[in-house]
Amino acid sequence: YARFDTPTQMSTLAIIDGTTRSVVDIRTERSNEFIELAFRPTGDAVAYTSLSSGRALRLIRLDGSPSQPLFPTEEITGFPAYALDRRLAYFYNGTPFGHSIFIDGVPFLTDAPHESTRVAWSPDGREMVVSRLSGPARLERVDVATRERTSVYVADGRWILGNPVFSPDGALLAFERTEGGPSEIWICNRDGSDARRLTADGDGPAERVPAVVVAARGAGHRG
């Protein structure tokens, strides 16, 4: 995770041991440097969006060595997401593609505007779920080999859908749903059926992190 100290204007990248809950600081930089973090599947490095570099993607190893640019570009990038085989998908906004999805520096989905949010890789890496902006807000499941799209969840009203994530077994999908106020965390089956809200009224603003936590536990959740 990343934390930002307002008085000193310093940001720190840190990791938490899942067993001992101990915190280890990896690196501290000036400015709000570390956002939109993604662990590399090998567990030795983190991809992130660098605000000090104008929203460029960078990679930092957990030994604390200086970060390196991933895909040098002057355009806006962000929201990195790794597949288990280390392919890296991310949001891209720039000439000539606009709001698009790239994989490993190569344009992947450029035919329609996409929400500036993280994509979700299926556990087997054959599909991803993306948030589409054109028309009613909706989540689409994309076959990575053929790029064929299937609507998973279409929102009514003026909702914004984002930050989807699969459960470890690929059976469930958690996502963030927002309409001008606090975010809500929803969950549905892989095909979009049985969609239900997990956060209740009075929970307060939901953050993007709980969507990841919900999906990580989602394989055993049925209500």
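## Strands, cores and a surface patch in a predicted model

Buried residues make up 43% of the 223 residues in the chain, and the model described here is a predicted one. The chain has one helix and 19 strands, and it exposes about 11,400 Å², of which carbon and sulfur atoms supply 51%. Among the contacts with a separation of 6 or more, 30% are accounted for by residues 24 or more positions apart.

**Strand pairing**

Strands β14 and β15 form a hairpin with five residues between them, and Arg147 in the turn has a positive phi of about 65 degrees. An open sheet of four strands follows the order β16-β17-β18-β19, with antiparallel pairing. Because β16 and β19 (196–197) stand at the edges of this sheet and each has a single partner strand, one side of each is left without a neighbour in the sheet. The table sets out two of the antiparallel pairs, with a pair of facing residues for each.

| Strand pair | Sense and bridges | Facing residues |
|---|---|---|
| β14 (138–143) and β15 (149–154) | antiparallel, five bridges | Arg141 and Thr150 in β15 |
| β16 and β17 | antiparallel, five bridges | Leu161 and Arg177 in β17 |

**Nonpolar cores**

The largest nonpolar core has 14 residues, of which Leu139, Tyr153, Leu161, Leu173 and Phe175 touch the most other members. Strands β15, β16 (160–166), β17 (172–178) and β18 (184–189) each supply at least two residues of this core. A second, separate core of 13 residues includes Ala83, Ala89, Phe108 and Val144.

Leu173 can be followed further through its contacts. When its neighbours within four places in sequence are left aside, Leu173 is in contact with Val129, Leu139 and Val152, with Pro164, Val165 and Phe166, and with Trp186, Ile187 and Cys188. Leu139, one of these contacts, is also listed with Leu173 among the residues that touch the most other members of the largest core. Leu161, another residue in that list, is the one that stands opposite Arg177 in β17.

**A patch on the surface**

At the surface, Tyr1, Ile16 and Val23 form a nonpolar patch whose accessible area comes to about 270 Å² together. Tyr1 lies in the segment before β1 (2–5), and its relative accessible area is 38%, so Tyr1 counts as partly exposed, a class that lies between buried, under 20%, and exposed, over 50%.

Conventions. Residues numbered from 1 in each chain as written. Predicted model: local features only at pLDDT ≥ 70, side-chain atom pairs only at ≥ 80, totals over all residues. Heavy atoms only, no water. Patch = residues over 30% accessible without salt bridge, like charges linked within 9 Å, V, L, I, M, F, W, Y side chains within 5 Å. Areas by Shrake-Rupley, 256 points an atom, 1.4 Å probe, with all protein chains shown as cover. Salt bridge = Lys/Arg side-chain N within 4 Å of Asp/Glu carboxyl O. Buried < 20%, exposed > 50% of the residue type's maximum accessible area, 1.4 Å probe, protein only. Pairing = 2+ DSSP bridges. Core = buried A, V, L, I, M, F, W, Y, C linked by side-chain atoms within 4.5 Å. Contact = heavy atoms within 4.5 Å.
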